[in-house]
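Good morning, colleagues. Please look at the sequence and the structure on the screen while I describe them.

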Amino acid sequence: MRGTDRAVVVVIALALSGLTALLIAGHGPWAGRTLIAFSPRHGLNSGDVPILLTWAVGMAGCSYLLLRRD
């Protein structure tokens with residue numbers, strides 16, 4: 001993989017991670033019930049699970065692109 005392609009994949013991974021952090025940090029009406037409480041006002045909600053799964057799929061795709069042999 002060329003250096004430019006590698007840089008693009010890293011930027012995509014960073015953007016996806018940043019968006020995931022913003023979505024998980026928010027408290028919207030779709031947040032759902034708390035699955036794991038980290039404090040009285042913060043925790044992992046059921047609405048965070050699809051976001052984390054989407055992040056995992058995106059990271060797997062980025063890993064594939066970074067590690068594949070052409």
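In helix α1, the buried residues, meaning those under 20% relative accessible area with a 1.4 Å probe and protein chains only, are Val9, Ala13 and Thr20. An α-helix has 3.6 residues a turn, so residues three or four places apart point the same way. The cover over the buried residues of α1 includes α2, residues 48–67, where contact means heavy atoms within 4.5 Å.

I should state the basis of these values. This is a predicted model, in which local features need pLDDT of at least 70, side-chain atom pairs count only at pLDDT 80 or more, and totals for chains, interfaces and linings use all residues. Residues are numbered from 1 along each chain as its sequence is written, and side-chain values use heavy atoms, leaving out hydrogens and water.

Helix α1 itself covers residues 3–25, 23 residues in total. From its first C-alpha to its last it reaches 33 Å, close to the 33 Å expected at 1.5 Å a residue, the expected span being 1.5 Å times one less than the number of residues.

How many helices and strands does the chain have? There are 2 helices and 2 strands, and from the N terminus they run α-β-β-α. These are DSSP runs: H or I of at least four residues for helices, E of at least two for strands.

As for overall form, the C-alpha atoms fill a box of roughly 50 × 20 × 15 Å along the principal axes. Of the chain's 70 residues, 19% count as buried. Among contacts between residues at least 6 apart in sequence, 50% join residues at least 24 apart.

Key. Buried < 20%, exposed > 50% of the residue type's maximum accessible area, 1.4 Å probe, protein only.
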